[in-house]
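Me: Please take one part of this model and go through it slowly. I would like to know what surrounds it and how the pieces are joined.

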Amino acid sequence: QVQLVESGGGLVQAGGSLRLSCTHSGGTFSNYALGWFREAPGKAREFVAAVDHDGGLTYYADSVKGRFSISRDNARNAVHPQLHNLKVEDTAVYYCTASTSYATFFTTRPHPDMLSWGKGTLVTVFS
């Protein structure tokens, strides 16, 4: 069973940067496309970014395009979103998820084909 663990969240001033991580166990890491969602208090979980199985393709929500980037290291079973130029509205719990299909993330919403979710890591941006 796929298990995902997020880390790297924290408190950061607006305009700052954070590097999140998601590590994977169970199954073959390169069999999965990886995606990130976030959930702010009182709001629905929203799509942030995704990367395909070998890291060659990425997909971003319009709200983070140009500020966030995502990469993966299949040798270390890890995926790393880089969050730059953070805004107060980026404050949320960030979750990692996996799917055997990269196209699943084009739905930009949680989907039954997303096999596993981590417990999340909190990012708090202050002005």
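Reply: A good place to begin is C96, which touches L4, E6, C22, L34, G35, W36, V79, S116, W117 and G118, leaving aside residues up to four places away in sequence. Keep in mind that this is a predicted model. C96 is found in strand 10. Its relative accessibility is 0%, and because buried means under 20%, C96 counts as buried. T121 is 25 residues from C96 in sequence, and the two C-alpha atoms are 9.1 Å apart in space.

Now look at the strand paired with strand 10. Strand 10 covers residues 92–99, and seven bridges join it to strand 5, with the two running antiparallel. To find one point along this pairing, locate R38, which stands opposite Y94 in strand 10. Strand 5 consists of residues 33–39, and six of its seven residues are buried, so the strand is mostly covered. L34, G35 and W36 are among the residues that C96 touches.

Strand 5 has another partner, strand 6, which consists of residues 46–51. These two pair in the antiparallel sense over five bridges. Here the residue to find is F37, whose bridge partner in strand 6 is F47. Strand 5 and strand 6 form a hairpin, with six residues between them. In the turn, G42 has a positive phi of about 80°.

The sign of that angle leads to a general point. Most residues other than glycine have a negative phi. Two residues on either side of strand 10 in the sequence are worth checking for this.

N85 lies in the loop between strand 9, residues 78–83, and strand 10. Its phi is positive, near 50°, and N85 is not a glycine. The relative accessibility of N85 is 42%, so this residue counts as partly exposed.

T108 is found in the loop between strand 10 and strand 11, the latter being residues 114–117. T108 is likewise not a glycine, yet has a positive phi of about 50°. With a relative accessibility of 33%, T108 counts as partly exposed because the value falls between the 20% limit for buried and the 50% limit for exposed.

To put the parts together, start again from strand 10, where C96 is found. Strand 10 is joined to strand 5 by seven bridges, and strand 5 pairs in turn with strand 6 over five bridges. The loop with N85 comes between strand 9 and strand 10, while the loop with T108 comes between strand 10 and strand 11.

Notes
Residues numbered from 1 in each chain as written. Predicted model: local features only at pLDDT ≥ 70, side-chain atom pairs only at ≥ 80, totals over all residues. Heavy atoms only, no water. Buried < 20%, exposed > 50% of the residue type's maximum accessible area, 1.4 Å probe, protein only. Helix = DSSP H or I, 4+ residues; strand = E, 2+ residues; numbered from the N terminus. Pairing = 2+ DSSP bridges. Contact = heavy atoms within 4.5 Å.
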